[in-house]
Amino acid sequence: MQQQTHPTPLRPKVELPRDTLAAVRNGMRCKCPKCGTGSLYRAYLKVADTCPSCGEALHYQRTDDAAPWGVMLIVCHIVVGGVLAMEQAWAPDLWVTLAIWFPITIGLCLVLLPIVKGLFVGLQWGLRMHGFGQGPDPADPQPAPVASRPQ
Ligand SMILES: [Zn+2]
């Protein structure tokens, strides 16, 4: 005689709200959006698969072209405004303009890229986008139900 087992009743998963503003702030500091202590990157712009401090899965991020777009938005306003202001005030030769503003443009882009990418990773984590809200979350009070396999 086969003994019947009763499956555990499935409970709906409760998702606690996340502090999106704190996650964005942590991301802009190039830190894990969840704990704020572990490094977000394993290389210059390579996001770590998991946080080295809390173990949060970070590989779900899909920032794609958002970070370069954001950097271009910021840098173009600074550089174009600066070049135009310099032309109005001083009107230097073209080589002087390029010698000043080309390194500033490259430097601003290199400095801002990890910050803006961290902003978008933090935003995605805070809004549970792209898989950041899937799977068991240690912060949730109820563990995800375990589905029993039919025999
Ligand atoms: Zn962390």
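Start your tour by selecting helix 1 and helix 3: they meet in a right-handed crossing. Keep in mind as you look around that this is a predicted model.

**Stop 1: helix 1 against helix 3**

Turn the view until you can follow both helices lengthwise. Their axes are 7 Å apart, and the packing angle is about 150°. Helix 1 is therefore roughly antiparallel to helix 3. To light up the contact, select Thr20, Ala23, Val24, Asn26, Gly27 and Met28 on the helix 1 side. Then add Ile115, Gly118, Leu119, Val121, Gly122, Leu123, Trp125 and Gly126 from helix 3. Try colouring your selection by residue class: you should find 8 nonpolar residues, 6 polar ones and no charged ones.

**Stop 2: helix 2 against helix 3**

Now keep helix 3 on screen and bring in helix 2. Helix 2 passes helix 3 in a right-handed crossing. The angle between this pair is about 150°, with the axes 8 Å apart. Helix 2 and helix 3 are therefore roughly antiparallel.

Which residues of helix 2 meet helix 3? Select Ala66, Ala67, Gly70, Val71, Ile74, Val75, Ile78, Val79, Gly82, Val83 and Met86. Their partners in helix 3 are Thr97, Trp101, Ile104, Thr105, Leu108, Cys109, Leu112, Leu113, Val116, Lys117 and Phe120. Coloured by class, the contact of helix 2 with helix 3 shows 17 nonpolar residues, 4 polar and 1 charged.

Zoom in on Val116 for a moment. Leaving aside residues up to four places away in sequence, Val116 touches Ala67, Gly70 and Val71.

**Stop 3: the nonpolar core**

Stay with Val116, and add Val24, Leu119 and Phe120. These four touch the most other members of the largest nonpolar core, which has 16 residues. Where does this core come from? Helix 1 (20–28), helix 2 (66–89) and helix 3 (94–126) are the elements that each give two or more residues to it. Helix 3 gives the most, with 6 residues.

**Stop 4: the whole chain**

Finally, zoom out and show everything as a cartoon. How many helices and strands does the protein chain have? You should count 3 helices and 0 strands. Along the sequence, that reads as α-α-α. The chain has 151 residues, and 21% of them count as buried. If you like drawing contacts, look at those between residues at least 6 apart in sequence: 59% of them join residues at least 24 apart.

Key: Residues are numbered from 1 along each chain as its sequence is written. This is a predicted model: local features need pLDDT of at least 70, side-chain atom pairs count only at pLDDT 80 or more; totals for chains, interfaces and linings use all residues. A nonpolar core is a set of buried Ala, Val, Leu, Ile, Met, Phe, Trp, Tyr and Cys residues joined through C-beta atoms within 7 Å. A residue is buried if 20 or more other C-beta atoms lie within 10 Å of its own, exposed if 12 or fewer, and partly exposed in between; C-beta atoms are placed from the backbone. Helices (H or I, at least four residues) and strands (E, at least two) are DSSP runs, numbered from the N terminus. Two residues are in contact if their C-beta atoms, placed from the backbone, lie within 7 Å. Axes are lines fitted to C-alpha atoms, for helices over the stretch in contact, and angles run from 0 to 180 degrees between N-to-C directions. Angles under 35 degrees count as roughly parallel, over 145 as roughly antiparallel, 65 to 115 as roughly perpendicular and the rest as oblique. A crossing is left-handed if the near helix is turned anticlockwise from the far one by less than a right angle, and right-handed if clockwise. Ala, Val, Leu, Ile, Met, Phe, Trp, Tyr, Cys and Pro count as nonpolar, Asp, Glu, Lys and Arg as charged, and the others, Gly among them, as polar.
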